[in-house]
Structure formats: structure tokens, C-alpha cells
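Student: I'd like to go through this one with you and ask why things get the labels they do. Can we pull it up?

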Amino acid sequence: MDKYLLLTKEGIDTYLQTLSDINWFNIQPNDKKVIAERLNEQKQGKDFVFSLYNLWFDAEGFEDHKSYESLLDEILEIVQVPVLQKKVSYNEENRSVSISLTTQKATYDYKIILDDFGGWIDENFIDIFINEQILKGENMENKFLALPMVDQTVQFVFVPQSTYNAAVDRGIIPQELN
């Protein structure tokens, strides 16, 4: 039996204690009270991992610049990077979204051709633009790391890679859901 199923069978208190053991709650924005409330709402222990999210959205419906701008605003609220200027524009001719974000350290640019993704999110938006460009450029240790998918919604935690790895190793986050 895998580590995740063994841990979740132990119940909410053990799951929370295991999170505490890896210092999960010492990392902003992870709030023990919020996660405990979410855990108590779960119908089954096998869904405990979905209580950890810092970012959650439907991966479908990214058909214009407004979807990306809304997601970017949510991400910026989580990461707390002071933004000097943010510009999100839409080019109707080639159905592209251009994003420019200026902080005290740098300007970060990203372009998305919407027709390449058929209404789904550009997977590189978070992995490349947010994690590799902005967060790395701002010298942030935390990254948006995906939780296992079960449908078209995607959930991310915002933690250092080492903490994520410890969570997988301890059975807090399953490698995949059965």
C-alpha cells in the first residue's frame, strides 16, 4: 500500500502533524487553520491532498486575455511580489495575449498564441513564465508545484521544491491518485 493511503487512513490529526513535521505551516501562505477546515470538509481520506492548494482553477476556458489577467492577479496576490507595472494585451489579428510585468528587479514578458491551446491554459504559463522567469528572477525559493489531477481543474501548492519533495516522501502528497 502506498504511503499516501497509509497516512490518510490515520486521519486528519496525523495528516496535520505530518505537515507540521516538515514545517509546511512555516511557509507562507500555508495556514494550518485553513487547511484543517478544508480537511474536515473532505468526505474521504483519499482526498486530503486537495486541502493543501494555494492556487486552484479550471484549466479550460482560457480563450482571451481576461482569463490570463485574472489568473495572473491571483498569482501575484499569493506571491506578494511588488509590481510596478502590469500590462496584459490582446491582439485580435493573431489571437495572441502579451503579458509584461515590471518589478523593481526586472521586466518579464510572455506571449501566448491562444489557438495553440484550444481554450485550455498554456501549460508553460505557470512552469516557465511564473516559476522560471518571475519567481526565479525575484530570488524566491517557493514555486507553484502541481498536485495530482483528477479532472480539468488544476491545483498548485506554493512551496520550495525541497518541501514538496519531503511531502511526497512522507506520503502527504501522492505521486498519483488511484
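Student: How many salt bridges does the structure hold?

Tutor: Seven salt bridges turn up, and keep in mind that this is a predicted model.

Student: What makes K3 and D169 a salt bridge?

Tutor: Their side chains come to 3.3 Å, N to O. The cut-off is a Lys or Arg side-chain nitrogen within 4 Å of an Asp or Glu carboxyl oxygen, so the pair qualifies.

Student: What does the pair tie together?

Tutor: K3 sits in helix α1 (residues 3-9) and D169 in helix α6 (residues 161-169), so parts that are 166 residues apart in sequence get tied together.

Student: Why are K3 and D169 called partly exposed?

Tutor: K3 has a relative accessible area of 47%, and D169 comes in at 48%. Partly exposed runs between the buried limit, under 20%, and the exposed one, over 50%, so that is the label for both.

Student: How do you know that K46 forms a salt bridge with D47?

Tutor: The closest N and O atoms are 3.7 Å apart; the limit is 4 Å, so the pair counts.

Student: Are D47 and K46 buried or partly exposed?

Tutor: D47 has a relative accessible area of 18%, and buried means under 20%, so D47 is buried. K46, with 40%, is partly exposed.

Student: What makes K86 and E69 a salt bridge?

Tutor: Here the closest N and O atoms are 3.5 Å apart, and that is within 4 Å, so it's a salt bridge. The pair links distant parts of the chain, 17 residues apart: K86 in strand β2 (residues 83-91) and E69 in helix α4 (residues 65-79). Salt bridges with shared partners also join E69, D73 and K86 into one network.

Student: And why is K86 called partly exposed?

Tutor: K86 has 29% relative accessibility, and partly exposed lies between 20% and 50%, so the label fits. E69, at 26%, is partly exposed too.

Student: Which residues gather in the patch of negative charge on the surface?

Tutor: D58, E60, E63 and D151.

Student: What lets D58 into a patch?

Tutor: D58, found in strand β1 (residues 55-58), has 34% relative accessibility. Patch residues need over 30% relative accessible area and no salt bridge, so D58 clears the area cut-off.

Student: How do you know that β3 and β4 pair?

Tutor: Strand β3 (residues 96-103) and β4 share seven bridges in the antiparallel sense. At least two are needed, so they count as paired. I99 stands opposite Y110 in β4, and three residues lie between the two strands of this hairpin.

Terms used: Residues are numbered from 1 along each chain as its sequence is written. This is a predicted model: local features need pLDDT of at least 70, side-chain atom pairs count only at pLDDT 80 or more; totals for chains, interfaces and linings use all residues. Side-chain values use heavy atoms; hydrogens and water are left out. Patches are made of residues with over 30% relative accessible area and no salt bridge: like charges are joined within 9 Å, nonpolar side chains (Val, Leu, Ile, Met, Phe, Trp, Tyr) within 5 Å. Accessible areas come from the Shrake-Rupley method with a 1.4 Å probe; for residues, only the protein chains shown count as cover. Lys and Arg count as positive and Asp and Glu as negative; His and the chain ends are not counted. The place of a charge is taken as NZ of Lys, CZ of Arg, CG of Asp or CD of Glu. Helices (H or I, at least four residues) and strands (E, at least two) are DSSP runs, numbered from the N terminus. Buried means under 20% relative accessible area, exposed over 50%, partly exposed in between (1.4 Å probe, protein chains only).
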